[in-house]
Amino acid sequence: MEIMNGRLSILEQIGRGGMAEVFRAKLKGIGGFEKIVAVKRILPSFARDPAFRDQFLAEAKLSAQLTHPNIVSVFEVGIENETPFMILEWIDGFNLKELMNHHCDEGKQISIPVACEIAIQIARALQYAHSFLSPENKQ
């Protein structure tokens, strides 16, 4: 599937939640520019509901202001066929669920030091996000 006048090619779905789905995609530009990105879009069943659209766009607006090594960057927000979407930084590798499933499948546990480091990095991102003040709210 292509959106944004063919500038964005959806390659595969990588996740789906209660309100949105996430895809791996290729963003194309002039001169042969190509970049792998993630695309998060509101589920079509919620796309026409103004409350869900507003919630999704508020998340996009706030997320775009966050700059932290443990939080993916938002590159762009748009609407295609009345469905809002965000273009996000692509992080290649395992997500936490895949890491846990892999260890479980192997009959192993994640080591305590690794689990603690993961928890610390998550806590740092959450602390940053929860204490974030937008530039217009800073005094």
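Where is Asn5 found? Asn5 sits in the loop between strand E1 (2-3) and E2. We will come back to this residue after a look at the whole fold.

## The overall picture

Please keep in mind that this is a predicted model. The protein has three helices and six strands. Read from the N terminus, the order of its elements is β-β-β-β-α-β-β-α-α. The C-alpha trace spans about 45 × 45 × 35 Å along its principal axes. Of the 139 residues in the protein, 26% are buried. Among contacts with a separation of 6 or more, 44% join residues that are 24 or more positions apart.

## Two nonpolar cores

In soluble globular proteins, nonpolar side chains tend to be buried together. Here, the largest nonpolar core holds 11 residues: Ile3, Met4, Leu8, Ile10, Phe23, Ala25, Leu27, Val37, Val39, Phe85 and Ile87. Strand E2 (8-16), strand E3 (20-28), strand E4 (34-42) and strand E6 (83-89) each give at least two residues to this core. E3 makes the largest contribution, with three residues.

Phe23 is a good residue to inspect in this core. Apart from neighbours within four places in sequence, Phe23 has contacts with Ile10, Glu12, Gln13, Ile14, Val37, Ala38, Val39 and Arg41.

There is also a second, separate core of 10 residues, and its members include Ala47, Ala60, Val74 and Met86. Val74 belongs to strand E5 and counts as buried because its relative accessibility is 13%. When residues up to four places away in sequence are left out, Val74 touches Ser63, Ala64, Met86, Ile87 and Leu88. One of these partners, Met86, is included in the second core along with Val74, whereas Ile87 is listed in the largest core. The C-alpha atoms of Val74 and Val39 are separated by 9.6 Å, with their positions 35 residues apart along the chain.

## The largest pocket

How much space lies in the largest pocket? The volume comes to about 1,400 Å³. The lining of this pocket is made of 35 residues, and those nearest its centre are Asn70, Val72, Glu89, Ile91 and Asn95. Two or more lining residues come from each of E2, E3, E4, helix H1 (50-65), E6, helix H2 (96-105) and helix H3 (112-131). Which element gives the most to the lining? That is H3, with six residues. Sorted by class, the lining has 20 nonpolar, seven polar and eight charged residues.

## Aromatic pairs

A pair of aromatic rings is described by the distance of the centres and the angle of the planes. In the whole structure, a search finds two aromatic pairs. The rings of Phe46 and Phe52 have centres 4.2 Å apart and planes at 45°, so this pair is tilted. Phe46 is partly exposed, since its relative accessibility is 22%, and Phe52 is likewise partly exposed at 25%. For Tyr128 and Phe132, the ring centres lie 6.0 Å apart and the planes meet at 55°, so this pair is tilted too. Phe132 is buried, with a relative accessible area of 18%; the cut-off for buried is under 20%.

## Exposed loop residues

Back to Asn5, as promised. Its phi is near 55°, a positive value in a residue other than glycine. Asn81 also has a positive phi, near 50°, and again the residue is not glycine. Pro69 is another loop residue worth a look: its C-alpha atom and that of Arg124 are separated by 9.5 Å, although the two are 55 residues apart along the chain. The table below gives the place and exposure of these loop residues.

| Residue | Loop | Relative accessible area |
|---|---|---|
| Asn5 | between E1 and E2 | 81%, exposed |
| Pro69 | between H1 and E5 | 78%, exposed |
| Asn81 | between E5 and E6 | 67%, exposed |

Why does Asn81 count as exposed? Its relative accessible area is 67%, and exposed means over 50%.

Definitions and conventions. Residues are numbered from 1 along each chain as its sequence is written. This is a predicted model: local features need pLDDT of at least 70, side-chain atom pairs count only at pLDDT 80 or more; totals for chains, interfaces and linings use all residues. Side-chain values use heavy atoms; hydrogens and water are left out. Rings of Phe, Tyr and Trp (its six-membered ring) pair if their centres lie within 6.5 Å; planes under 30 degrees apart count as stacked, over 60 as edge-to-face and the rest as tilted. Buried means under 20% relative accessible area, exposed over 50%, partly exposed in between (1.4 Å probe, protein chains only). A nonpolar core is a set of buried Ala, Val, Leu, Ile, Met, Phe, Trp, Tyr and Cys residues joined through side-chain atoms within 4.5 Å. Helices (H or I, at least four residues) and strands (E, at least two) are DSSP runs, numbered from the N terminus. Contact means heavy atoms within 4.5 Å. On a 1 Å grid over the protein atoms alone, a cavity is a set of points where a 1.4 Å probe fits but cannot get out, and a pocket is an open set with protein on both sides within 12 Å along at least five of seven lines; lining residues have an atom within 4 Å of a point. Grid points are joined across faces, edges and corners, and a volume is the space filled by probe spheres set on the points. Ala, Val, Leu, Ile, Met, Phe, Trp, Tyr, Cys and Pro count as nonpolar, Asp, Glu, Lys and Arg as charged, and the others, Gly among them, as polar.
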